[in-house]
Every structure is written in C-alpha cells, then in structure tokens.
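User: I am new to this structure and would like a close look at a single part of it, taken slowly and with each term explained as it comes up. Please start from one residue and work outwards from there.

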Amino acid sequence: SLPDCRVVSLGLGKVQYYSTSDTGKDGPPKPPSGDAPFAAKVVSGAAQLEFNFPLWSHAVRAVLKKREYGAKYTQNNFITAVRAMNEFCLKPSDLEQLRKIRRRSPHDDTEAFTVFLRSDVEAKALDVWGSHEALARERNLRKEVEREYQENIFRNQRLLQEYKDFWGNTKVSSLLLLNGLNFFFKLLAWVYTGSASMFSEAIHSLADTCNQALLALGISQSVRNPDAVHPYGFSNMRYIASLISGVGIFMMGAGLSWYHGIMGLLHPEPIESLLWAYCILAGSLVSEGATLLVAINEIKRSARQQGLSFYEYVMQSRDPSTNVVLLEDAAAVLGVILAAGCMGLTSLTGNPAYDSLGSLGVGTLLGTVSAFLIYTNTEALLGRSIQAERVQKLTEFLENDPAVRAIHDVKATDMGLSKVRFKAEVDFDGRVVTRSYLEKQDIDQILNDIQRVKTPEELENFMLKHGENIIDTLGAEVDRLEKELKQRNPEVRHVDLEIL
C-alpha cells in the first residue's frame with residue numbers, strides 16, 4: 001500500500017499553481033517567513049515526479065472555499081428510466097434517443113443499470129410537452145388518475161377481506177350468533193316476568209352482540225393492505241373497535257342497567273313466576289361458561305408462545321379480540337350468577353328490592369369491563385414498546401455487526417397483530433465501509449487514476465466519483481442490516497435505520 005504522503009502529494013501537488021485570489025494571476029503562493037517548503041517525491045516505473053509546495057493545506061482550503069457549484073455541476077446528475085418516465089411524463093420511446101450511461105449497482109446481487117443525464121431528460125420533456133406549464137398539468141392529471149386507480153383497488157380488496165374475515169373468523173362470528181340468541185331469550189323472559197335483573201342481563205347480551213359485530217368489523221379492517229395515506233397499514237383498527245365498544249356500548253349498557261335498578265328500588269313492583277327465567281339463565285350460563293373456557297385456553301397458548309404469563313398477556317392486550325371475548329364471557333358468567341342469586345332471594349323473601357339490586361350489580365359489572373377495555377386499548381393505541389428483552393436482542397444484533405460502531409435512540413413499538421416497528425440511529429464505522437468498497441475495486445486502476453491527477457478539476461472529478469460510490473456502499477450496508485434484521489426477527493415488519 002502507498003504511504004499517505006504519496007497519495008496526498010499526487011492528489012494535491014498541483015494546487016499551488018492555481019490562483020486563489022481575484023487578480024487572476026497564476027503562480028505559486030509565496031511562503032511566509034519561517035515556513036519551510038514541503039517536498040514529496042513519487043516514483044512509478046520509469047517516471048519520476050517532484051512537487052515542491054509550501055502550506056498546501058491552506059492553499060487547498062482556499063481553492064475549495066472559492067469554488068461555486070452551479071448548473072455546471074447539477075446538469076450532470078443521473079436519473080433512472082423509471083424516474084424519467086414518472087417525473088417527466090415520458091414514454092420509453094422518448095428515452096431511446098437520449099445518451100445512455102451504465103452505472104455500477106451498489107448491491108452485490110444486482111447487475112449494472114442504465115441511467116440518463118437529467119439535463120437530457122428535462123430537455124426532452126420540454127420538447128415533448130412544449131412548456132413547463134403543460135408538463136405540470138400532465139403530472140397533476142396522471143397523479144389524479146393513479147389516485148383513483150389505487151382507491152378502486154383498495155376498495156375491492158377491503159370488501160373481499162371484510163367478507164372473508166367476518167364470516168370466516170369462527171371465534172367472532174359464532175359468538176355473535178350465540179349472544180344474539182341469548183339477548184332474544186332474555187328479553188322474552190324479562191317481558192314475561194318483569195324482572196329488573198333479567199332486563200339487565202338482556203341489555204348485557206345486547207351489548208355483547210353489538211361488541212362482537214364491532215370486533216368483527218375491526219378485524220376485517222385491520223388486515224387491509226397499506227396504502228399511500230396509511231403506509232403502516234390498519235392493524236390498530238382492532239384496538240379502535242374495542243375502544244369504541246368500551247366507550248359506547250358497555251357504558252350504555254351499564255347506564256340502562258343502573259337506571260332500571262334505581263327505578264325498581266324507587267317503584268317496586270311484584271314479580272311473576274321466575275321459572276322460565278331460571279331456565280334461560282341456566283342455558284346462558286352453560287353457553288357462556290363453555291366459551292369462557294375456550295377463550296382461557298387460547299390466551300394461555302398465545303401467552304406461552306410469547307413467553308408471557310396469563311396475567312401479563314391480558315394486561316398488555318396483545319390480542320384485543322381474544323381479550324374482549326375473555327372479558328365478555330367472564331362478565332357474562334358473573335352476571336348470570338349475580339342475577340340468578342338476586343332473583344332467588346326475591347323468590348324466597350318476596351321482596352323485589354333484591355332483584356333491583358341485582359340489576360345494579362350487573363350494571364356495575366358492565367362498567368368495570370368498560371373501564372378495563374378503555375384503559376388497555378388506549379395504552380395500545382399510544383404506541384407501547386415491546387419487552388425490554390426483545391429490544392436488547394435486536395440492539396445486540398446490530399452492535400455485533402463489524403460495520404456498526406454504536407447504536408443510539410432505539411425505539412421498538414408494537415403495532416398490533418404481532419407486528420413490530422424498529423427505529424434506531426446507527427453510527428457506522430467509515431473505515432469498515434470504505435474497506436468494503438475497496439475490496440470490490442481494482443486497486444491498480446485506482447492508483448493509475450491518482451497518478452493521472454494534475455489539476456484541481458481532475459482531483460474534484462476523482463473525489464466525486466469515489467465519494468458517490470462510497471455513499472452507495474453505505475446505503476447497501478443499511479439495506480443489508482435491515483434485511484438481516486427482518487429475516488432473524490419475522491415479527492419486525494418496518495425497520496428505520498438513521499445514519500449518524
């Protein structure tokens with residue numbers, strides 16, 4: 001390898017022969033007194049070059065500071081064929097007549113690709129459309145057509161997915177039918193007996209039925225594909241549906257139950273035979289108890305898969321649909337037991353106040369479930385972090401990569417449906433990235449390019465060429481880390497790595 005002084009002297013040896021003042025006079029700058037000139041000698045084959053220049057660092061700074069970058073440099077920017085057609089509304093046939101340049105791809109598994117000079121593409125677009133105003137109108141028209149096309153696609157996908165999920169999700173659709181039947185029979189029992197507790201149980205089953213309908217709708221919406229307006233998808237729709245259920249339906253059910261219980265205490269009325277009411281409550285207890293056992297077993301299985309306890313899984317609301325079913329069934333079982341007990345006391349004592357107290361108890365139970373649903377789903381919608389152990393695992397994977405020097409500001413957010421969004425600021429090791437780039441280059445060719453540098457313009461072109469390629473290599477390193485992070489952790493769906 002060449003010593004550093006040889007590379008610097010070859011690249012900057014001629015800088016002293018170009019003026020940095022406004023006089024336009026060429027010639028080497030005069031060294032101030034006391035400064036000894038710096039000398040460098042380079043031998044390559046039979047050629048020998050000598051450069052004697054004082055204070056080269058000050059001269060270089062003056063040259064680079066003086067230079068102005070204008071259209072002369074930006075007109076040489078490259079643009080791909082896809083961008084040329086999208087941004088300038090051109091057709092493939094329009095690009096065939098333009099100059100084509102082959103560029104190296106920064107990715108190992110991708111071949112070289114063809115680019116065009118942006119100045120050529122802009123000139124061709126003006127030639128095709130006639131003016132900048134006409135080109136802007138065409139862009140707006142195409143954006144509108146594309147927006148309508150995407151809306152139609154997403155609308156059709158949403159309808160198909162809603163139909164599939166609403167009728168295909170047996171956990172929700174079967175409970176929807178079961179709660180509807182419970183509401184119907186409990187309503188008949190209330191009409192026949194006039195029991196306040198039976199009225200509250202009918203309202204409870206109605207709230208469960210409406211909640212299951214909302215939950216089915218939330219599930220169907222949560223699986224929609226991301227679009228331009230919602231780039232991270234609709235997975236939070238499950239939490240939103242559960243939150244609406246907690247705020248509206250359960251609070252409404254609790255309010256009606258309390259109202260009916262209070263009115264029963266203020267204006268007690270005799271109750272007819274409760275035999276049919278007991279039979280309906282017994283059937284409801286069997287059905288609700290069976291679904292409660294199913295929900296408990298499913299939550300236990302899901303908690304084991306994620307390494308959580310039953311309590312942690314429920315409190316963190318990892319699956320709102322399962323948790324809502326669990327809470328509904330638990331509240332339904334307790335409500336049936338409470339209503340049956342209060343109705344039994346009324347039958348034994350003949351005092352209708354016990355039945356009204358049962359209505360108040362069921363209303364309180366509904367209010368408690370509502371408060372819990374509001375709390376857990378609000379926490380989920382606020383963007384809850386994943387477990388610290390999982391965050392540490394993701395961070396250690398990045399820190400163990402040789403191209404990474406340090407990791408800062410790590411954020412891993414649970415997006416619902418077992419999806420995680422990971423964000424971190426990465427301090428890359430520039431030496432490792434540069435070495436990765438040089439390993440894929442011909443060192444002898446780079447050495448020859450250095451030896452041919454004679455003017456600041458040639459130096460600038462050399463630095464711009466390799467600087468751009470090193471930036472491409474850095475981008476490839478970021479893509480590699482994101483790809484490996486997703487492969488090792490399938491739950492990580494979105495990765496944002498910011499370069500420091």
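Analyst: A good place to start is Asp401, which is buried, with a relative accessible area of 10%; buried here means under 20% relative accessible area, exposed means over 50%, and partly exposed lies in between, using a 1.4 Å probe and protein chains only. Before going further, note that this is a predicted model, in which local features need pLDDT of at least 70 and side-chain atom pairs count only at pLDDT 80 or more, while totals for chains, interfaces and linings use all residues. Residues are numbered from 1 along each chain as its sequence is written, and side-chain values use heavy atoms, with hydrogens and water left out.

Asp401 forms a salt bridge with Arg480, and the closest N and O atoms of the two are 3.0 Å apart; a salt bridge is a side-chain nitrogen of Lys or Arg within 4 Å of a carboxyl oxygen of Asp or Glu. Because Asp401 lies in the loop between α15 and β6 while Arg480 lies in helix α18, this pair ties together parts that are 79 residues apart in sequence. The helices (H or I, at least four residues) and strands (E, at least two) named here are DSSP runs, numbered from the N terminus. Unlike buried Asp401, its partner Arg480 counts as partly exposed, at 27% relative accessibility.

The elements around this pair also take part in the largest nonpolar core, which has 22 residues, and the residues with the most contacts inside it are Leu398, Phe422, Phe428 and Leu497. At least two residues of this core come from each of α15 (388-399), β6 (404-416), β7 (419-428), α18 (456-488) and β8 (492-499), and β7 gives the most, with five residues. A nonpolar core is a set of buried Ala, Val, Leu, Ile, Met, Phe, Trp, Tyr and Cys residues joined through side-chain atoms within 4.5 Å. Leu398 shows how such a residue is surrounded: leaving aside neighbours within four places in sequence, Leu398 is in contact with Val404, Ile407, Phe422, Leu481 and Leu497, where contact means heavy atoms within 4.5 Å.

Strand β7 deserves a second look, since charged residues are found there too. Lys419 is in strand β7 and is partly exposed, with a relative accessible area of 23%. Not counting residues up to four places away in sequence, Lys419 touches Thr413, Asp414, Glu491 and Arg493. The C-alpha atoms of Lys419 and Val492 are separated by 6.0 Å, although these two residues are 73 residues apart along the chain. Asp427 forms a salt bridge with Arg405, the closest N and O atoms being 3.4 Å apart, and since Asp427 lies in strand β7 and Arg405 in strand β6, the pair ties together parts that are 22 residues apart in sequence. Arg405 itself is exposed, with a relative accessible area of 54%.

For comparison, salt bridges that share partners elsewhere join Arg83, Glu87, Arg118 and Glu122 into one network. Within this network Arg118 forms a salt bridge with Glu87, the closest N and O atoms being 3.7 Å apart; the pair links distant parts of the chain, with Arg118 in helix α6 and Glu87 in helix α4 (residues 81-88), 31 residues apart. Both residues are partly exposed, with a relative accessible area of 25% for Arg118 and 27% for Glu87.

A contrasting case is Asp355 in helix α14 (residues 353-381), which is buried yet has no salt bridge, the nearest side chain of opposite charge being that of Lys186, 13 Å away. In judging charge, Lys and Arg count as positive and Asp and Glu as negative, while His and the chain ends are not counted. Residues that Asp355 touches include Ser195, Ser197 and Thr346, again not counting residues up to four places away in sequence.

To set this part in its surroundings, the chain has 18 helices and eight strands, and 38% of its 500 residues count as buried. A search of the whole structure finds 15 salt bridges. Among contacts between residues at least 6 apart in sequence, 69% join residues at least 24 apart.
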